[in-house]
Amino acid sequence: MIQIQAALFWAYAIGATFALSAARQLQVWERINAGEGPRTRSRAANPYLALTALFAAVLMVPTGLFLLWQNPAWATMHVADGHEGVWAGFVLFYAGGLPVAAITGFLVAQGLILVGAGYWAYLQCVGGYFLLFGTLVHGWDGRGYERFLSPGARDFAGWRRDSVVNHVLDFLTSGTFLALLVFGAGLIGTMLLTETGWLMEGWSLPGADEDRKVHRFLAIAVAAAGVYGLPFVGALVASVLVRLLGGWLGLPLFAVIAGLTLLSRRSPVRLLYGLVGVPHRHWRADLDADRGNPERDETGVTSDRTA
C-alpha cells in the first residue's frame, strides 16, 4: 500500500511489532512445545507467525500491487513514469519480498524475546519504522515528502513552481489518496486491532498483568507512541540535521542522539517501555532445567520474574 522503496521497511516493522505484541504468548508457546516432537516445534505451527505471514500476503501485497498498477509513478516514488518503466522482475521481487520481510521481522523479534532481550525486540520495531518514515520524509535525495505528496509525474516535476499547500490539496483530492484512504482503513485498522488484541491477550495470562504499571488504555497509548510516534519524530529530526549540517555531520550527530535516547540505562524510552507490561527478560525453553522447580506449573510456564 505504501511506495515501493519504503514497503520492505514497513513489512519488517509490522512483523517485529506483531511479535512484540504477542511476546508473552510466544513465551508460553515456546515453553509448552519445548519437549514435543518436531511437528509442533516447526515454525509453521506457530499461529502468530502464520497470521503475520497471512496479513502480509493477503493485505499488504494486493494493495501494494493495485497502487503499482494504478499509479506506477507514485508507487515507485517517481523513479518510473509509467508501466513501461517498471521491470516485471521487480514486481515479482516486491510481491514476494513483503511476506519475507514481515516473517523476518517477526522471527528476529521473537528470537530476541525468547533469549531475554525484549527491549531489543522493541528496537527492531523502532528501526523498521524509522527507515519507513525516513524514506517518506527525506528519501535518498532530500525530496521524500515531495515524492509522496505528488500523485503524478507532472506534479513532482513542477513541485518547485507551486506552493506546498496547493500540492497537499491536489494530493488530498487525487485518486491515489482515495485508494490510500480505503486500503489504509482496512490494512492499518486490521494491523492496529491485531496488535492491541495480542497485547491484551498477553496481559490476561496468569501473572502477566502485574507487570503493567498503568491502565490498559494508557498502556496502549504509550505503546503506540513508542512504536509509531518516536520513529516518526526521529525521522524528522534526522532530516532536519542532514539539511542543516549535511550528511557527513548530520547523520553521526543523529546517531549519537538516538543512542543516548534509546540505549542509556536511564533512558525515558526504557522507562516508558517498562510501563506497558511487555517482557524485559525471558528464559530459553529447557524442561530439564525446570524439573523440581516448585514455581513451574503444569503447562511448563515459569514466571518472568524467576527467569
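# A tour from the M77 loop to the largest pocket

Start by selecting M77, which sits in the loop between helix 5 (72-75) and helix 6 (88-114). Helices here are DSSP runs of H or I with at least four residues, strands are E runs of at least two, and both are numbered from the N terminus. You are looking at a predicted model, in which local features need pLDDT of at least 70 and side-chain atom pairs count only at pLDDT 80 or more, while totals for chains, interfaces and linings use all residues. Residues are numbered from 1 along each chain as its sequence is written, and side-chain values use heavy atoms, with hydrogens and water left out.

**Stop 1: two positive phi values**

Stay on M77 and check its backbone: phi is near 55°, a positive value in a residue other than glycine. Most residues other than glycine have a negative phi. M77 has 0% relative accessibility and counts as buried (buried is under 20% relative accessible area, exposed is over 50%, and partly exposed is in between, with a 1.4 Å probe and protein chains only).

Now add H78, found in the loop between helix 5 and helix 6. H78 is not a glycine, yet its phi is positive, at about 65°. With 9% relative accessibility, H78 is buried.

**Stop 2: the whole chain**

Zoom out for a moment. The chain has 15 helices and 0 strands. Of its 307 residues, 46% are buried. Colour by atom type on the surface next: the accessible surface comes to about 15400 Å², and 68% of this belongs to carbon and sulfur atoms. That area is from the Shrake-Rupley method with a 1.4 Å probe; for residues, only the protein chains shown count as cover.

Contacts (heavy atoms within 4.5 Å) can be sorted by distance along the sequence. Among those in the chain with a separation of 6 or more, 73% join residues 24 or more positions apart.

**Stop 3: along helix 7 and into helix 12**

Select T135 in helix 7. T135 is buried, with a relative accessible area of 12%. A polar atom of its side chain lies 2.7 Å from the backbone oxygen of L131. This is a polar contact (a pair of N or O atoms within 3.5 Å; within protein, one must be able to donate a hydrogen and the other to accept it, and residues adjacent in sequence count only if both atoms are side-chain atoms). Beyond its neighbours within four places in sequence, T135 is in contact with Q5, A6, F9, M77 and G144, which brings in M77 from the start of the tour.

Where does H138 lie? Look in the loop between helix 7 (118-137) and helix 8 (144-148). H138 is buried, at 17% relative accessible area. Not counting residues up to four places away in sequence, H138 touches F133, R143, G144, S239, V242 and R243.

Move on to P231, placed in helix 12. Is P231 buried or exposed? At 1% relative accessibility, P231 counts as buried. Measure from C-alpha to C-alpha between P231 and L131: they are 100 residues apart in sequence and 8.3 Å apart in space. Leaving aside neighbours within four places, P231 contacts V126, Y129, F130, F133 and G226.

**Stop 4: the largest pocket**

Turn on your pocket display. A pocket, on a 1 Å grid over the protein atoms alone, is an open set of points with protein on both sides within 12 Å along at least five of seven lines; a cavity is a set where a 1.4 Å probe fits but cannot get out, and lining residues have an atom within 4 Å of a point. Grid points are joined across faces, edges and corners, and a volume is the space filled by probe spheres set on the points.

The largest pocket has a volume of about 500 Å³. Select I2, F133, L136, F148 and I188, which lie nearest its centre among the 21 lining residues. Helix 7, helix 8, helix 11 and helix 12 (216-245) each supply at least two lining residues, and helix 11 gives the most, with 8.

By class, the pocket lining has 20 nonpolar, 1 polar and no charged residues. Ala, Val, Leu, Ile, Met, Phe, Trp, Tyr, Cys and Pro count as nonpolar, Asp, Glu, Lys and Arg as charged, and the others, Gly among them, as polar.

**Stop 5: the cavity**

Finish with the 1 cavity of 30 Å³ or more, which holds about 40 Å³ of space. Its lining includes L20, R24, W203 and P279. Helix 1 (4-21), helix 2 (23-32) and helix 11 (175-203) each supply at least two of the lining residues.
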